[in-house]
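Let's take a friendly walk through this structure together, stopping at a few helices and side chains along the way. Keep the viewer open as you read.

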Amino acid sequence: MSKPPVILDIGTVNTRAGRGGQTVPECVFPTLVGEVNKQLATPMIGQGEMKSHFVGKAALDKRSLLKIRQPVNGVPNDYNACEMVVQHAMEELGEGCKRLCLIEPTQATMEIRENLVEFAIETLKCEEFWLLSSIPCSLFASGRTTGIVLEASESASHVVPVLEGHALSRSKWTTSELSGLAVTSYMVNLLKRNGRLDRDLPPHINRMIKEKFSYTSTNMVDDNHTAETSPDSLVRVYELPDGGSLELCDERFRCSEYFFHPSSWTGTDKIQAIHKSVVKTITDCDEKLQTKLFHNIVACGGVSLGVGFQSRLQKDINSWLNGSGEGNKWKSRLKLSSTVKLVDTTLPPSQLDPTICTQAWRGASILSQLPSFNSMKITATDVREGGNGVVHRNAMVPPKKMDV
């Protein structure tokens, strides 16, 4: 029996890697590559570490001595650095690249998919290769093959309807600029505006501050009242690497409002609130699907793991449905229950870091154990005979009868 493939999800912020069939990835590390400036870094890094580059946490720890490369920003933009990321993952797992399953980014075009095939077969020398779509895989992780997937990630947000394991055409998607990076920028702007921050911090420090202390308000009236009457109860202090400190107060919950009231930052209504994007995507689908989609909403991506995010999303969707306007008409028309609930995507107890989304990886791991998985593989022979475009013919075969 063949060994399970290595499943690799190279995201903008983190890379997740592990063997198929596992509940959670065996290693997770920052998607960073740092090139050594030998004149500056060698004496400081120390003898015995004469490396040309560092990957992951090592690159993050030594970033002041390195030229940092971020190989993925929504989609791969540096395949040389991606190769280093893959090699690092394989070293961590003690595996080779013979059987590799890559999870493609949501924004991947046909050209990017073909580039990933070339990267796997020609550069990594894979003997068997799989390329799986992240959106359906995130749905599979929740035990479903039909539903609406909101991917709120570092680089963008996508709302995608999935029918029987296949994402519907891109004309049915809603993509927006709402992103983790935008929330971080909004938080920094608020801190500067309020006089709490008077300098620029490294991007990874800003993100760490946000992940540690920010939350999404589920009751803005109460939180605003607390901010006005007892602000000290909201104060948290972040110790900076240089020995200084940064104090946060109501910025902790106001920054996340960018997702739910983007006009508060942009000053215009050009960007739609995230709950409205979910509702619009569902109501734009075939009427026969709409009820099922409302009852199978799955949130994924790093932003979705923030404290309060999914509760607020659920609350705002229900507020729209139970209001006196168009939402109430849709609710009556579709005979929806009084409360629409998001699908529970609680992380497995074995995953130690609750800030890292592993849904797509877990869905791919489930898929890798099915008999149909083998029919999706791409080999070097396939590419020689059919070119990189063979990836468009080897369609992903979804699991059957998963819906709950």
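Helices here are DSSP runs of H or I with at least four residues, numbered from the N terminus. With that in hand, please remember throughout that you are looking at a predicted model.

A good place to begin is H204, which is found in helix α7, residues 203–213. Is H204 buried or exposed? Buried means under 20% relative accessible area, and H204 counts as buried because its relative accessibility is 13%. Setting aside neighbours within four places in sequence, the residues in contact with H204 are L60 and R63.

A81 makes a good second stop. This residue lies in helix α3, which runs over residues 79–93. With a relative accessible area of 0%, A81 is buried. Which residues does A81 touch, not counting those up to four places away in sequence? They are V33, R69 and P71. Take R69 from that list: A81 and R69 are twelve residues apart in sequence, and their C-alpha atoms are 7.2 Å apart in space.

Now move to the C-terminal part of the numbering and find helix α16, residues 359–367. This helix is mostly covered, as eight of its nine residues are buried. The buried residues are Q359, A360, W361, R362, G363, A364, S365 and L367. What covers them? The cover includes the strands β1 (6–10), β2 (14–19), β9 (99–104), β10 (128–133) and β17 (297–300), along with helix α5 (134–140).

Helix α14, residues 309–321, invites a quick geometry check. At 1.5 Å a residue, its 13 residues should span 18 Å, and the C-alpha atoms at its ends are 19 Å apart, which agrees. Buried residues of α14 are F309, Q310, R312, L313, D316, I317, N318 and L321.

Next come two helix pairs that share α13. Two packed helices are described by the angle between their axes and the distance between the axes. For α12 (residues 274–283) and α13, the axes come within 8 Å and cross at roughly 145°. In this contact, V279, I282 and T283 of α12 meet Q290, L293 and F294 of α13. By class, the residues of the α12 contact with α13 divide into four nonpolar, two polar and no charged.

The second pair joins α13 (residues 287–294) with α15 (residues 326–334), whose axes come within 10 Å and cross at roughly 105°. Angles of 65 to 115 degrees count as roughly perpendicular, so α13 is roughly perpendicular to α15. On the α13 side the contact is made by E287, Q290, T291 and F294, and on the α15 side by W330, R333 and L334. Here the classes come to three nonpolar, two polar and two charged residues.

Finally, turn to the cysteines. How many disulfides does the structure hold? The count is zero. A disulfide is a covalent bond between the sulfur atoms of two cysteines, and here a pair of cysteine sulfur atoms must lie within 2.5 Å to count. The sulfur closest to that of C97 belongs to C126 and is 5.2 Å away, so the two are too far apart for a bond. C97 itself is buried, with a relative accessible area of 17%. C137 is in no disulfide either, since its nearest cysteine sulfur, that of C101, is 7.0 Å away. C137 is also buried, with a relative accessible area of 0%.

Note on methods
Residues are numbered from 1 along each chain as its sequence is written. This is a predicted model: local features need pLDDT of at least 70, side-chain atom pairs count only at pLDDT 80 or more; totals for chains, interfaces and linings use all residues. Side-chain values use heavy atoms; hydrogens and water are left out. Buried means under 20% relative accessible area, exposed over 50%, partly exposed in between (1.4 Å probe, protein chains only). Axes are lines fitted to C-alpha atoms, for helices over the stretch in contact, and angles run from 0 to 180 degrees between N-to-C directions. Angles under 35 degrees count as roughly parallel, over 145 as roughly antiparallel, 65 to 115 as roughly perpendicular and the rest as oblique. Contact means heavy atoms within 4.5 Å. Ala, Val, Leu, Ile, Met, Phe, Trp, Tyr, Cys and Pro count as nonpolar, Asp, Glu, Lys and Arg as charged, and the others, Gly among them, as polar. The expected span of a helix is 1.5 Å times one less than its number of residues.
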